Amino acid sequence: MRIALCGGTGDIGEGLALRWAYDTDHEVLIGSRDPEKARTKAQEYETELDSRGVDRTVKGFANEMAADRADVVVLAVPPYYVRDTVEGFAGRLDGDTVLVSPAVGMQRDDAGLHYHPPSEGSVTAVAAAAAPDEVAVVGAFHNLSAGRLANLDVELDQDTLLVGDDEDAVDIVRMLAAEIEGLRPLYAGPVANAAEIESLTPLLINLAKYNDELHDAGVQFG
């Protein structure tokens with residue numbers, strides 16, 4: 001399977017790219033608004049993998065080109081870029097493409113981070129509204145520590161919650177998530193439930209802020 005990480009030069013994009021390239025045989029593409037930045041980051045990821053004895057090719061493209069080539073497109077961009085990013089390559093997607101949204105709307109003040117959903121109710125819902133009708137959207141990977149994800153020396157041992165209205169698309173993302181060692185995907189219902197999942201992210205970051213031993217906090221359900 002070919003996975004495009006649009007915005008894959010950022011923290012969550014780096015972590016997912018490295019984990020999929022390290023743990024699986026799927027083809028990983030890095031997307032960015034700046035294709036040269038994407039190619040540079042792709043080379044950095046290849047170097048990191050090579051240092052661990054993994055010979056993998058990671059390619060970098062403009063977001064539109066990466067999305068056009070992919071079976072699964074991950075929106076690894078800040079929440080305020082999600083709508084424009086999807087609309088920018090919507091014409092490159094088809095009914096077989098699965099769009100994945102991990103972004104979370106948050107605001108910061110002196111106390112910490114607070115959940116700040118868009119008017120649609122969740123960033124996952126924003127992605128679903130911006131995508132063509134035939135393209136399935138799945139929310140996933142919201143509550144993962146980007147630093148922990150990108151550190152291949154660290155075992156994840158965490159859960160990720162999935163929301164989506166299309167059963168087949170959810171199954172594809174569940175499979176991709178489960179192939180990352182130490183990550184357990186759990187289905188949490190349709191896109192309408194995304195806000196409850198996204199709102200956990202600022203809580204986890206605040207826990208890390210106030211508890212040194214929880215600097216890479218995630219979720220795990222019994």
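**Exercise 1. What covers helix 9**

Find the buried residues of helix 9 in this predicted model, and name elements that cover them.

*Solution.* Start with the helix itself, which spans residues 200-210. Its buried residues are T201, P202, L204 and N206. Now look at what lies over them: the cover includes strand 6 (106-109) and strand 7 (112-115), and also helix 8 (194-198).

**Exercise 2. Two helix pairs**

Describe how helix 4 packs against helix 5, then do the same for helix 1 and helix 2.

*Solution.* Take helix 4 (residues 82-89) and helix 5 (residues 123-130) to begin with. Their axes come within 9 Å, and the crossing angle is roughly 25 degrees. Angles under 35 degrees count as roughly parallel, so helix 4 and helix 5 are roughly parallel to each other. The crossing of helix 4 past helix 5 is right-handed. On the helix 4 side, V82, R83, V86 and E87 make the contact, and helix 5 answers with V123, V126, A127 and A130. Sorted by class, the contact of helix 4 with helix 5 holds six nonpolar residues and two charged ones, with no polar residue.

Turn now to helix 1 (residues 11-23) and helix 2 (residues 35-50). Here the axes of helix 1 and helix 2 come within 11 Å and cross at roughly 45 degrees. That angle makes helix 1 oblique to helix 2. Helix 1 also passes helix 2 in a right-handed crossing. Helix 1 brings E14, A17, L18, A21 and Y22 to the contact, while helix 2 brings Y45, E48 and L49. The class count for helix 1 with helix 2 is six nonpolar, no polar and two charged.

**Exercise 3. A valine in the helix 4 contact**

Is V86 buried or exposed, and which residues does V86 touch beyond its sequence neighbours?

*Solution.* First, place the residue: V86 sits in helix 4, and we have already met V86 in the contact with helix 5. Next, check its accessibility. V86 has a relative accessible area of 0%, and therefore counts as buried. Then list its partners. Leaving aside neighbours within four places in sequence, V86 is in contact with L75, L99, A127, A130 and A131. Two of these names should look familiar, as A127 and A130 belong to the helix 5 side of the helix contact. For a sense of scale, D55 is 31 residues from V86 in sequence and 31 Å away in space, C-alpha to C-alpha.

**Exercise 4. The nonpolar cores**

Which residues have the most contacts inside the largest nonpolar core, and which helix gives the most to this core?

*Solution.* The largest nonpolar core has 38 residues, and L16, W20, I30 and F141 have the most contacts inside it. Helix 1 gives the most to this core, with six residues. There is also a second, separate core of 23 residues, with A70, V126, A130 and A131 among its members.

Now pick I30 and trace its surroundings. Beyond its neighbours within four places in sequence, I30 is in contact with a list of residues including L5, A17, A38, A42, Y45, V58 and F61. Of these, A17 and Y45 also take part in the contact between helix 1 and helix 2.

**Exercise 5. Two positive phi values**

Compare the settings of F141 and D157, whose phi angles are positive.

*Solution.* Recall the background: most residues other than glycine have a negative phi. F141 has a positive phi of about 70 degrees although it is not a glycine. D157 has a positive phi too, near 50 degrees.

Now find where they lie. F141 is in the loop between strand 8 and helix 6 (146-150), and D157 is in the loop between helix 6 and strand 9 (158-164). Finish with accessibility. F141 is buried, at 2% relative accessible area, whereas D157, at 44%, is partly exposed.

**Exercise 6. A glycine in strand 8**

Where is G139 found, and which residues does G139 contact?

*Solution.* G139 belongs to strand 8 (residues 136-139). Buried means under 20% relative accessible area, so G139, at 0%, counts as buried. Setting aside its neighbours within four places in sequence, G139 is in contact with S101, T124, L161, L162 and V163. Finally, P190 is 51 residues from G139 in sequence, yet their C-alpha atoms are 9.2 Å apart.

Definitions and conventions: Residues numbered from 1 in each chain as written. Predicted model: local features only at pLDDT ≥ 70, side-chain atom pairs only at ≥ 80, totals over all residues. Heavy atoms only, no water. Axes fitted to C-alpha atoms, helices over the stretch in contact; angles between N-to-C directions. Helix = DSSP H or I, 4+ residues; strand = E, 2+ residues; numbered from the N terminus. Parallel < 35°, antiparallel > 145°, perpendicular 65-115°, else oblique. Left-handed = near helix turned anticlockwise from the far one by under 90°. Contact = heavy atoms within 4.5 Å. Nonpolar A, V, L, I, M, F, W, Y, C, P; charged D, E, K, R; others polar. Buried < 20%, exposed > 50% of the residue type's maximum accessible area, 1.4 Å probe, protein only. Core = buried A, V, L, I, M, F, W, Y, C linked by side-chain atoms within 4.5 Å.
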